Amino acid sequence: MARILHVLDHSLPLHSGYTFRTRAIMKAQERAGWQVAGLTGLRHSANGGGAGEKAELHEGLTFYRTPGHTALPSPMREYREVAMLADRICDLHARWPFDLIHAHSPVLDGLAAHRAVQRLGLPFVYEIRAFWEDAAVGNGTGTEGSARYKLTRALETHVVRQADAVTVICEGLRGDLIARGIDPDKIIVAPNGVDLDLFGTPRRRDDELAAQLGLGHGPVVGFIGSFYDYEGIDVAIAAMEHLRMAQPGTQLLLVGGGPCEAALKAQAAASGASHSICFAGRVPHEEVERYYSLVDILVYPRKAMRLTELVTPLKPLEAMAQRRLVAASDVGGHRELIAHGRTGTLFAPDDPEALADAVAGLLHDRGGWEGRRDHAQAFVHRERDWARNVHRYDPVYHSLLQRSSVGRAA
């Protein structure tokens with residue numbers, strides 16, 4: 001079977017939604033018979049992952065690194081990163097000859113992969129998980145419409161035009177690329193999914209952990225994920241006073257961490273419902289199911305902005321697989337995952353009272369919980385199981401590899 005090189009921003013052993021998607025793809029592809037390896041650029045090292053010359057093995061998967069560093073100012077720094085990663089791709093090909101490059105956003109990886117395939121003459125698939133410029137706006141490091149924003153967008157469009165095939169994680173991203181003039185037949189949707197080997201068997205409530213966290217016997221509303229502003233966790237905190245008036249005893253459990261953690265803790269401390277808000281901190285990925293077991297309703301109050309309208313998150317799918325009820329803001333990324341009233345509940349974004357009313361309605365209607373859990377879990381098993389989703393790549397790979405083989409023969 002052919003060898004596939006995945007070019008990545010970062011990877012295991014670091015934990016993030018990005019690395020978990022990569023792990024799921026690579027694991028499923030190995031089970032399907034492909035030979036796969038990952039290669040990270042300089043930014044993996046910057047995140048504390050190391051950058052040695054030798055291959056690393058994490059959870060049974062092989063990853064290579066790009067040694068070195070650059071301290072140049074932007075944009076020369078990014079230019080140098082692209083050049084070093086392209087050189088590393090070519091060097092690795094001499095040691096582990098691969099047949100196709102599958103580069104994953106951000107766009108620096110796509111630029112490096114394109115530069116390398118021009119030298120190696122290999123097929124090139126580019127995968128977009130989010131537009132880098134919109135992600136920067138969402139996490140507070142960029143401004144929509146700025147010169148940097150426009151340049152990043154232009155570079156992304158350039159890479160998409162140069163790639164042999166493009167994969168995206170949702171219809172929102174596909175629609176945006178089509179609006180830019182990209183051929184729809186060139187774009188494949190490979191949606192976020194759940195590794196049901198990890199999340200397919202819900203645990204019983206962990207009473208010992210609940211006691212450690214000081215959770216009472218009332219209903220528990222939870223958020224498990226990264227604390228970025230666009231996630232709208234401040235909206236959930238603001239909703240708690242109203243929610244407890246409607247449903248006394250309700251607790252809010254927040255699991256994770258991130259740039260907004262300090263501000264969220266300050267907001268919670270100043271809230272009239274502060275005694276009902278619990279910050280559990282970051283937890284090891286292998287422990288996360290224990291925290292899911294404590295939560296009756298997972299809330300995802302993402303704010304309305306371009307990023308959340310276009311991109312689907314992963315966490316609601318994990319919650320559905322764990323048979324947790326899901327309530328989420330009515331933004332485009334959530335609407336691709338959640339059928340209101342059937343697999344979850346949607347509420348108006350940026351509105352604490354709307355969140356509180358939606359959750360209170362769910363808590364009042366406990367008789368409908370099992371039906372919703374059944375529908376949501378069935379949706380994940382039917383449409384978002386990675387063991388099935390990964391096969392969406394197969395026709396693309398086979399077509400490009402066949403075309404490449406014919407070209408070399410000619």
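A residue is called buried when its relative accessible area is under 20%. With that in hand, welcome to a few close-up views of this predicted model.

**View 1. A salt bridge links helices α2 and α3.** Here the side chains of R43 and E81 meet, with N and O 2.8 Å apart. R43 belongs to helix α2 (residues 42-46) and E81 to helix α3 (residues 76-95), so the pair ties together parts that are 38 residues apart in sequence. Is E81 buried or exposed? With a relative accessible area of 10%, E81 is buried. Its partner R43 is partly exposed, at 26%.

**View 2. E127 and R129 form a salt bridge.** The closest N and O atoms of this pair are 3.5 Å apart. E127 is buried, and its relative accessible area is 0%. R129 is buried too, with a value of 8%.

**View 3. K315 and E318 meet within helix α14.** These two residues sit three residues apart in the helix, which is about one turn. Their side chains form a salt bridge with an N to O distance of 3.4 Å. How do the two partners sit with respect to the surface? K315 is partly exposed, with a relative accessible area of 22%, whereas E318 is buried, at 3%. Elsewhere, salt bridges that share partners join E133, D134, R153, D176, R180 and R306 into one network. Across the whole structure, a search finds 29 salt bridges.

**View 4. Eight strands make an open sheet.** Follow the strands across and you meet them in the order β3-β4-β2-β1-β5-β6-β7-β8, with mixed pairing. Which strands stand at the edges? They are β3 (56-58) and β8 (187-189); each has a single partner strand, so one side of each is left without a neighbour in the sheet. On average, neighbouring strands of the sheet are turned by 25° against each other, direction ignored.

**View 5. Strand β7 pairs with the edge strand β8.** Strand β7 (residues 165-168) runs parallel to β8, and three bridges connect the two. Look for V166, which stands opposite I187 in β8.

**View 6. Helices α1 and α4 meet the strands of the sheet.** Helix α1 (residues 17-31) packs on the sheet and touches β1 (3-8), β2 (35-40), β4 (61-64), β5 (100-104) and β6 (124-128). The direction of α1 makes about 125° with that of β4. Helix α4 (residues 107-120) lies across β1, β5 and β6. How is α4 angled against β5? The helix runs at about 160° to that strand.

**View 7. Helix α17 has a buried face.** The buried residues of α17 are W369, R372, R373, A376, Q377, F379 and V380. Seen down the axis of the helix, they fall within an arc of 150°, so they line one face. What covers these residues? The cover includes α8 (196-199), α14 (315-321), β13 (325-329), β14 (345-347) and α16 (352-364). The length of the helix can be checked as well: at 1.5 Å a residue, the 15 residues of α17 (residues 369-383) should span 21 Å, and the end C-alpha atoms are 21 Å apart, which agrees.

Definitions and conventions:
Residues numbered from 1 in each chain as written. Predicted model: local features only at pLDDT ≥ 70, side-chain atom pairs only at ≥ 80, totals over all residues. Heavy atoms only, no water. Helix = DSSP H or I, 4+ residues; strand = E, 2+ residues; numbered from the N terminus. Expected span 1.5 Å × (residues − 1). Buried < 20%, exposed > 50% of the residue type's maximum accessible area, 1.4 Å probe, protein only. Arc of directions from axis to C-beta. Contact = heavy atoms within 4.5 Å. Salt bridge = Lys/Arg side-chain N within 4 Å of Asp/Glu carboxyl O. Pairing = 2+ DSSP bridges. Axes fitted to C-alpha atoms, helices over the stretch in contact; angles between N-to-C directions.
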